Amino acid sequence: MLSKEEVLEIISYSDSHKINRSDRLQELGISPWNFYKSRRHHLKAEKSSPQDSMGSVI
């Protein structure tokens with residue numbers, strides 16, 4: 001599973017360089033399934049305890 005920071009970095013890089021997330025994931029050798037599973041996990045954790053999220057939104 002990817003860390004929250006890794007997920008945020010992939011999203012940020014993809015948006016700032018205007019490339020598809022799937023292309024970035026392929027460059028990094030990360031399966032899209034693993035990325036979206038990690039993202040979903042961190043979103044659920046953020047919703048269950050928003051005080052621990054420290055202002056970052058996935």
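These legends accompany close-up views of a predicted model.

**View 1. Overall fold: the protein is built from three helices and has zero strands.**
From the N terminus on, the elements run α-α-α. Helix α1 covers residues 4-16 and helix α3 covers residues 32-48. Helix α2 spans residues 21-28. The protein has 58 residues, and 28% of them are buried. Take the contacts between residues at least 6 apart in sequence: 50% of these join residues at least 24 apart.

**View 2. Salt bridges: a search of the whole structure finds three.**
One of them pairs E46 with K4. Another joins E9 and R24. R24 also forms a salt bridge with E27. Side chains of opposite charge can pair when their charged atoms come close. The next two views take these pairs in turn.

**View 3. The E46–K4 salt bridge links helix α3 to helix α1.**
The closest N and O atoms of E46 and K4 are 3.5 Å apart. E46 sits in α3 and K4 in α1, so the salt bridge ties together parts that are 42 residues apart in sequence. Are the two partners buried or exposed? E46 is buried, at a relative accessible area of 15%. K4 is buried as well, at 18%. Both residues also belong to the contact of α1 with α3.

**View 4. E9, R24 and E27 form one salt-bridge network.**
E9 and R24 meet through their side chains, at 3.8 Å from N to O. E9 lies in α1 and R24 in α2, so this pair ties together parts that are 15 residues apart in sequence. The second link, R24 to E27, has its closest N and O atoms 3.0 Å apart. R24 and E27 are three residues apart in helix α2, which means about one helical turn separates them. Shared partners join E9, R24 and E27 into one network. How accessible is each member? R24 is buried, with a relative accessible area of 12%. E9 is partly exposed, at 35%. E27 counts as exposed, at 54%.

**View 5. Helices α1 and α2 cross at roughly 120 degrees.**
Two packed helices are described by the angle between their axes and the distance between the axes. The axes of α1 and α2 come within 9 Å. With its angle of roughly 120 degrees, α1 is oblique to α2. The crossing is right-handed. On the α1 side, the contact is made by E9, I10, I11, Y13, S14 and D15. R21, R24, L25 and L28 supply the α2 side. By type, the contact residues divide into five nonpolar, one polar and four charged. E9 and R24, both in this contact, are also salt-bridge partners.

**View 6. Helices α1 and α3 pack at an angle of about 115 degrees.**
Their axes are 10 Å apart. α1 passes α3 in a left-handed crossing. Which residues meet here? K4, V7, I10 and I11 come from α1. F35, S38, R39, H42 and E46 come from α3. Four of the contact residues are nonpolar, two polar and three charged.

**View 7. I10 is a buried residue of helix α1.**
I10 lies in α1. Its relative accessibility is 2%, so I10 counts as buried, the cut-off being under 20%. Which residues does I10 touch, leaving out those up to four places away in sequence? The partners are L2, R24, L25, L28, I30 and F35. I10 takes part in the contact of α1 with α2 and in the contact of α1 with α3. The C-alpha atoms of I10 and R21 are 7.2 Å apart in space, while the two residues are 11 apart in sequence.

**View 8. K18 has a positive phi although it is not a glycine.**
The phi of K18 is about 55 degrees. Where does K18 sit? It lies in the loop between α1 and α2. K18 counts as exposed, at 74% relative accessibility.

Terms used:
Residues numbered from 1 in each chain as written. Predicted model: local features only at pLDDT ≥ 70, side-chain atom pairs only at ≥ 80, totals over all residues. Heavy atoms only, no water. Salt bridge = Lys/Arg side-chain N within 4 Å of Asp/Glu carboxyl O. Helix = DSSP H or I, 4+ residues; strand = E, 2+ residues; numbered from the N terminus. Buried < 20%, exposed > 50% of the residue type's maximum accessible area, 1.4 Å probe, protein only. Axes fitted to C-alpha atoms, helices over the stretch in contact; angles between N-to-C directions. Parallel < 35°, antiparallel > 145°, perpendicular 65-115°, else oblique. Left-handed = near helix turned anticlockwise from the far one by under 90°. Contact = heavy atoms within 4.5 Å. Nonpolar A, V, L, I, M, F, W, Y, C, P; charged D, E, K, R; others polar.
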